[in-house]
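Thanks for sending this one over. Here are my notes, in the order I went through the model.

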Amino acid sequence: MDDKTPVEKKPISRRRLIAYAWIGAAAIVIGELIFGTFAFLWPRRKGTKVETVFIVGKVTDFKVGEVIPFRKERTFILRTEGGFLAMSAICPHLRCIVNWNEVLKKFECPCHGVKFNRNGEVLEGPPPRPLDLYKLQIVAGNVVVDRVSPIERRKFESSQVIKI
Ligand code: FES
């Protein structure tokens, strides 16, 4: 065969073209499924700078029984009869951000549908422990939360409530 002879191109059959199209479509669907699964399971992160020690308000700003969310700081403040509890909004399972459901009076994790009671204890589902606590102090009538070192716990105990 001469080097200058043009190479004869074999026409692709219709059947083979359709097979390639199906393989391509299947690859896209499988890729979407894998990506979607990981995106669902992976915790959401936002790049906002948040204070680690902050004043949530005056003691008198909170009503007994109230749960107040501090979204940016990913913190919930619970005012009890005896005092205050500062809880992390980060789920101890895979670190999704939990929400407070005022109607049901429960915390809910959107990632796996888990519920926590108002003290942060797991009611159902996979989290290994209650919502973590943050250090809380009453300083000159102000409620101050320190998020530097979250405190893990096995269950709620009344000694965790910071007395007024
Ligand atoms: S991340 Fe799984 S229950 Fe919250």
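The numbered points below go from the overall layout to single residues.

1. **Overall layout.** Please keep in mind that this is a predicted model. The protein has one helix and eleven strands, and along the sequence the helix comes before the strands, in the pattern α-β-β-β-β-β-β-β-β-β-β-β. Its radius of gyration is 27 Å, whereas the globule rule gives 15 Å for 164 residues, so the protein is more spread out than a compact globule. The box filled by the C-alpha atoms tells a similar story, at roughly 95 × 35 × 25 Å along the principal axes.

2. **Two domains.** The domain assignment gives domain 1 as 11-42 and domain 2 as 53-163. Between the centres of domain 1 and domain 2, taken over C-alpha atoms, there are 44 Å.

3. **The helix.** Why can helix 1 be said to lie largely in the open? Of its 28 residues, the number buried is zero, so helix 1 has that open setting. Its length also checks out: helix 1 covers residues 14-41, and at 1.5 Å a residue it should span 40 Å, which agrees with the 41 Å between its end C-alpha atoms.

4. **Burial and contacts overall.** Buried residues account for 18% of the 164 residues in the protein. Among the contacts with a separation of 6 or more, 44% join residues 24 or more positions apart.

5. **The largest nonpolar core.** This core has 21 residues, and those touching the most other members are I77, L78, F84, A86, M87, V98 and L136. Two or more residues come from each of strand 3 (75-79), strand 4 (83-88), strand 6 (106-109), strand 7 (114-116), strand 9 (133-139) and strand 10 (142-151). Which strand gives the most to the core? That is strand 4, with four residues. As a general background, nonpolar side chains tend to be buried together in soluble globular proteins.

6. **Strand 3.** I would look closely at strand 3, which is mostly covered, with five of its five residues buried. T75, I77 and R79 point one way, F76 and L78 point the other way, and all are buried. In a regular strand the side chains alternate between the two faces of the sheet. Leaving aside residues up to four places away in sequence, L78 touches V67, F84, L85, M87 and R118.

7. **Partners of strand 3.** Strand 3 runs antiparallel to strand 2 (residues 67-70), joined by four bridges, and I68 has I77 in strand 3 as its bridge partner. The hairpin of strand 2 and strand 3 has four residues between the strands, and R74 there takes a positive phi near 50°. Strand 3 is also antiparallel to strand 4, with five bridges joining the two, and F76 stands opposite M87 in strand 4. This second pair forms a hairpin with three residues between the strands.

8. **From strand 4 to strand 10.** Strand 4 pairs with strand 9 in the antiparallel sense over two bridges, with A86 opposite Y134 in strand 9. Strand 9 in turn pairs with strand 10, again antiparallel, over six bridges, and V139 has N142 in strand 10 as its bridge partner. The hairpin of strand 9 and strand 10 has two residues between the strands, and one of the loop residues, A140, takes a positive phi near 50°. How many other C-beta atoms lie within 10 Å of A140? There are 7, and A140 therefore counts as exposed.

9. **The loop between strand 4 and strand 5.** C91 sits in this loop, ahead of strand 5 (99-101). Is C91 buried or exposed? C91 has 25 C-beta neighbours inside 10 Å, so it counts as buried. Not counting residues up to four places away in sequence, C91 touches C96, V98, C109, C111 and P127. R95 lies in the same loop, between strand 4 and strand 5, but R95 is partly exposed, with 14 other C-beta atoms within 10 Å. Phi of R95 is positive, near 70°, in a residue other than glycine, and that is one backbone value I would ask you to look at on the model.

Notes. Residues are numbered from 1 along each chain as its sequence is written. This is a predicted model: local features need pLDDT of at least 70, side-chain atom pairs count only at pLDDT 80 or more; totals for chains, interfaces and linings use all residues. Domain bounds come from an automatic or database domain assignment. A nonpolar core is a set of buried Ala, Val, Leu, Ile, Met, Phe, Trp, Tyr and Cys residues joined through C-beta atoms within 7 Å. A residue is buried if 20 or more other C-beta atoms lie within 10 Å of its own, exposed if 12 or fewer, and partly exposed in between; C-beta atoms are placed from the backbone. Two residues are in contact if their C-beta atoms, placed from the backbone, lie within 7 Å. Two strands pair if DSSP finds at least two bridges between them. The expected span of a helix is 1.5 Å times one less than its number of residues. The radius of gyration is taken over C-alpha atoms; the globule rule is 2.2 Å times the number of residues to the power 0.38.
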